[in-house]
Amino acid sequence: MKKPTSRELKYQARVLLDGKYGKMAFITLLMGIFDLGLNYLLAYAFPDLGGGFSQFLYLASNILCNMVYYILLAGLMRIYLHLCRGEKIQTSDLFFFFTDRPEQIALYSIVPFILQNILSAIAGECLSELWNGKISLYPLLLLVVLGVVFFWIQLCFSLVLFLYSDAPWKSALQLMKESWSIMRGNKGRMLYLLLSFLGVTALAVLSLGIGLLFVRPYLYVTQGLFYLNLVSGAEGESAGSQTAF
């Protein structure tokens, strides 16, 4: 089965979004408002004031807010998959997984949370040393290596939210294994796809971020089509092997 190129996927995404950019931009804006609300909650309701209990409370609230964000993000991916399949899209689907087994994606959210915090801690240490006029090769080298590893892991798990949107009854570990398996041999294609959006993303940022309301739907729909193509290909190969057997 021939795999579509990034250009073909992006063209399909533009066709699907034609006449729907306004609604998708609104849903993207709504998601951004909730994200800002969660960050505000962390900054003002649960500030890190120092001390063991305060730090524990801040960490616990940080993990909880991250879980809520990922449940919302799964709802967003559900909306984009509906669009990719030509199905009806509803803004209310953004909150769909709060009532349909949210615990699995909440558990998964801990994985990127830990990786991001490790990377942030090392980056902070490197910046602190540079600020104090100390240039050490090892922390910088460690930061680069961990950054590459973290990005590689992100590529491996880049389908988790889409897989969960289709099968929320599966465990977090099962979703991660499936994403890892499906992305085997396809990480380079996903990387190329993401890099192809750098130019339009830069222009969107220069528009004071307003353009992101339209770029993100374009990106997410293209990723959704990428996912559907890989899943249909994997199912076709599985069916073919069973028939041969």
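## Ser6 and its surroundings

Ser6 belongs to helix α1, which covers residues 6-17, in a model that is predicted. Its relative accessibility is 12%, and because buried means under 20% relative accessible area, Ser6 counts as buried. When the neighbours within four places in sequence are set aside, the residues in contact with Ser6 are Arg189, Tyr192 and Leu193.

## A nonpolar patch on the surface

Four residues, Phe151, Leu191, Leu195 and Leu198, make a nonpolar surface patch of about 340 Å². Of these residues, Phe151 can be placed in helix α6, which runs over residues 137-156. With a relative accessible area of 35%, Phe151 is partly exposed, a class that lies in between buried, which means under 20%, and exposed, which means over 50%.

## Salt bridges

How many salt bridges does a search of the whole structure find? The search finds four, and three of them are described here, beginning with the pair Arg78 and Asp93, whose closest N and O atoms are 3.5 Å apart. Arg78 lies in helix α3 (residues 52-84), while Asp93 lies in the loop between α3 and α4 (103-108), so this salt bridge ties together parts that are 15 residues apart in sequence. Both partners, Arg78 and Asp93, are buried.

A salt bridge also joins the side chains of Arg85 and Asp166, with a distance of 2.8 Å from N to O. Because Arg85 lies in the loop between α3 and α4 and Asp166 lies in helix α7 (residues 160-166), the pair ties together parts that are 81 residues apart in sequence. Arg85 is partly exposed, its relative accessible area being 37%, and Asp166 is likewise partly exposed, with a value of 31%.

## Lys170 and Glu178

Another salt bridge is formed by Glu178 with Lys170, and here the closest N and O atoms are 2.9 Å apart. Is Lys170 buried or exposed? Lys170 has a relative accessibility of 19% and therefore counts as buried, since the cut-off for that class is under 20%.

## Looking back over the picture

Taken together, these descriptions place Ser6 in helix α1, Phe151 in helix α6 and Asp166 in helix α7. Among the residues that take part in salt bridges, Arg78 and Asp93 are both buried, whereas Arg85 is partly exposed.

Methods. Residues are numbered from 1 along each chain as its sequence is written. This is a predicted model: local features need pLDDT of at least 70, side-chain atom pairs count only at pLDDT 80 or more; totals for chains, interfaces and linings use all residues. Side-chain values use heavy atoms; hydrogens and water are left out. Helices (H or I, at least four residues) and strands (E, at least two) are DSSP runs, numbered from the N terminus. Buried means under 20% relative accessible area, exposed over 50%, partly exposed in between (1.4 Å probe, protein chains only). Contact means heavy atoms within 4.5 Å. Patches are made of residues with over 30% relative accessible area and no salt bridge: like charges are joined within 9 Å, nonpolar side chains (Val, Leu, Ile, Met, Phe, Trp, Tyr) within 5 Å. Accessible areas come from the Shrake-Rupley method with a 1.4 Å probe; for residues, only the protein chains shown count as cover.
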